[in-house]
Amino acid sequence: RRYIPPTRQTVCWQALGVYGYASVWGLVCALQVFFPSHAYGGLYCIPMETQNYSWFFYVVFLPGVFLLPALYALVVLVHIMWNGMLPEIGKRRQLALFLLRIIFLYFAVFFPVALSITIGN
């Protein structure tokens with residue numbers, strides 16, 4: 001099946017959605033609206049657990065930062081597999097290397113942050 005790329009308008013709306021999503025998290029972290037002043041800001045924004053604020057961490061922060069992007073990636077994977085959008089067997093290597101680089105960068109960023117959360121908490 002041949003891939004038909006989205007229109008420029010569709011791509012712009014999707015990019016605007018991603019930028020808006022990131023901007024909301026940036027504003028929440030910069031203003032520290034929902035969590036106290038001991039939340040880490042600057043390099044990254046992590047609301048640390050306390051007696052009164054752990055609901056925000058588990059109900060809003062973790063799903064919004066980790067679960068939603070992972071769920072989106074899973075939906076894209078299912079869409080690609082379901083519609084048969086992968087190239088022929090011999091031409092998949094370049095695509096696989098590209099995706100492996102993205103996965104590597106995700107974990108290269110995720111593990112230091114997870115480590116600092118564990119040590120800081």
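This passage describes the fold, one pocket and one loop residue of a predicted model.

The protein chain contains three helices and zero strands. Read from the N terminus, its elements follow the order α-α-α. The chain has 121 residues, and 13% of them count as buried. Its accessible surface amounts to about 10000 Å², and carbon and sulfur atoms account for 71% of that area. With regard to contacts between residues at least 6 apart in sequence, 41% link residues that are at least 24 apart.

Empty space around the chain was examined next. Rolling a probe the size of a water molecule over the atoms reveals where such space remains. The second largest pocket encloses about 290 Å³. Its lining is made up of Q14, G17, V18, Y21, L68, P69 and Y72. Two helices, α1 (residues 8-31) and α2 (residues 54-82), each contribute at least two residues to this lining. The largest share is that of α1, which provides four residues. In terms of residue class, five of the lining residues are nonpolar and two are polar, while charged residues are absent from the lining of this pocket.

The loop that follows α2 was also considered. N83 lies in the loop between α2 and α3, the latter spanning residues 92-120. The relative accessibility of N83 is 18%. Residues under 20% are classed as buried, and N83 therefore falls into the buried class. The side chain of N83 also takes part in a polar contact with the side chain of H79, at a distance of 2.9 Å. In the predicted model, this loop residue thus combines a buried position with a side-chain polar contact to H79.

Methods
Residues numbered from 1 in each chain as written. Predicted model: local features only at pLDDT ≥ 70, side-chain atom pairs only at ≥ 80, totals over all residues. Heavy atoms only, no water. 1 Å grid on protein atoms, 1.4 Å probe; cavity = no way out; pocket = protein on both sides within 12 Å on 5 of 7 lines; lining within 4 Å. Points joined across faces, edges and corners; volume = space filled by probe spheres on them. Nonpolar A, V, L, I, M, F, W, Y, C, P; charged D, E, K, R; others polar. Buried < 20%, exposed > 50% of the residue type's maximum accessible area, 1.4 Å probe, protein only. Polar contact = N/O pair within 3.5 Å; in protein donor to acceptor, adjacent residues only side chain to side chain. Contact = heavy atoms within 4.5 Å. Areas by Shrake-Rupley, 256 points an atom, 1.4 Å probe, with all protein chains shown as cover.
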